[in-house]
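Q: Could you take me through the charged side chains in this structure, with a close look at how they pair up or stay unpaired?

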Amino acid sequence: IDGSHALFRAFHAIRHLRGPDGRPTNAVYGWTSILLKLLDEHQPDYIAACFDGSAKGFRKDIDPNYKANRAETPPELHEQWPIALRVTQELGITMLEDDRLEADDIIATLATTAQKAGVNVLVSSGDKDLMALVTDGGSSGAWVRQIDEKRGQTTTYDEAGVVERWGVAPQQIDDLLALMGDSVDNVPGVRGIGKKGAVKLLLEWGSFASIYENLDSVTSARTQQLLRD
């Protein structure tokens, strides 16, 4: 479970909910509902809720502008965070956090390790980055799928679902975002190339690295120049 993502989403989806003492409870209520639904519908053998670390993380060392567009955590959400963690603990759900990592990093580590060990994995998150983990089955035969719960509707992504949503296979998601950029994380990408252009390049060349290895052969002088710049 992408705990950080789910708590922020719950906070913004449910507004003006308070307890008898006046304290905000919207994020806690939404988070508890998410956890109970996951436990009830999937009855997992193993479950963990992962959270972003409190430090800036190693990505800030690579690019100081990473997530520079993000606003501070709203005080009303910050106030509810410890209560949400207590709810998680009382439900017997393991909580994982590392100061220098994001929840994504921990989820990716758990998912790939479990899948290689033959355990089927459901990743609960609305984060498109995590779709790179989706697989219909590796050498172990186990799969990784992503489920996105939004407005009461659950969307499940297998490999075909990722292709339908983004136009590329799961293993190309990272390259897609590198080309088109990601405004959510303040990653610029290649200026002048959007999703449609990025998908076209990846379908033709397969990967980000291959595009640059064959840059002189890329169709359209304009696209070549954008990639060089």
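A: Here is a walk through the charged side chains, from the overall picture to single pairs. Please keep in mind that this is a predicted model.

Let's start with the setting. The protein has 229 residues, of which 38% count as buried, and its secondary structure comes to 10 helices and five strands. There are 24 positive and 34 negative charges, and their mean positions lie 6 Å apart. Across the whole structure, a search finds 13 salt bridges.

One of these involves strand 4 (144-150): the side chains of Arg9 and Asp148 meet with an N to O distance of 2.7 Å. This pair ties together distant parts of the chain, with Arg9 in helix 1 (residues 3-13) and Asp148 in strand 4, 139 residues apart. Asp148 is buried because its relative accessible area is 14%, under the 20% cut-off. Arg9, at 24%, counts as partly exposed.

Now for an acid without such a partner. Asp127 sits in the loop between strand 3 (121-124) and strand 4. Asp127 is buried yet has no salt bridge. Why does Lys128 not count as its partner? Lys128 is the nearest side chain of opposite charge, but it is 5.5 Å away, and a salt bridge has to be within 4 Å, so the pair does not qualify. Apart from neighbours within four places in sequence, Asp127 is in contact with Asp2, His5, Asp104 and Gln146.

Strand 4 also leads to a group of unpaired positive charges. Arg151 lies in the loop between strand 4 and strand 5 (153-157), and at 75% relative accessibility Arg151 counts as exposed. Together with Lys150, Arg165 and Lys195, Arg151 gathers in a patch of positive charge on the surface.

Elsewhere, helix 2 (residues 26-42) holds a pair within one element: Glu41 and Lys37 are four residues apart there, which means that about one helical turn separates them. They form a salt bridge, with the closest N and O atoms 4.0 Å apart. Both residues are partly exposed, Glu41 at 47% and Lys37 at 27%.

Finally, Arg100 forms a salt bridge with Asp61, the closest N and O atoms being 2.5 Å apart. This pair again links distant parts of the chain: Arg100 is in the loop between strand 2 (94-97) and helix 5 (103-116), while Asp61 is in helix 3 (residues 58-62), 39 residues apart. Arg100 is partly exposed at 36%, whereas Asp61 is exposed at 57%. In addition, Arg59, Lys67, Glu102 and Asp105 are joined into one network by salt bridges that share partners.

Note on methods: Residues numbered from 1 in each chain as written. Predicted model: local features only at pLDDT ≥ 70, side-chain atom pairs only at ≥ 80, totals over all residues. Heavy atoms only, no water. Patch = residues over 30% accessible without salt bridge, like charges linked within 9 Å, V, L, I, M, F, W, Y side chains within 5 Å. Areas by Shrake-Rupley, 256 points an atom, 1.4 Å probe, with all protein chains shown as cover. Lys, Arg positive; Asp, Glu negative; His and termini not counted. Charge placed at Lys NZ, Arg CZ, Asp CG, Glu CD. Helix = DSSP H or I, 4+ residues; strand = E, 2+ residues; numbered from the N terminus. Buried < 20%, exposed > 50% of the residue type's maximum accessible area, 1.4 Å probe, protein only. Contact = heavy atoms within 4.5 Å.
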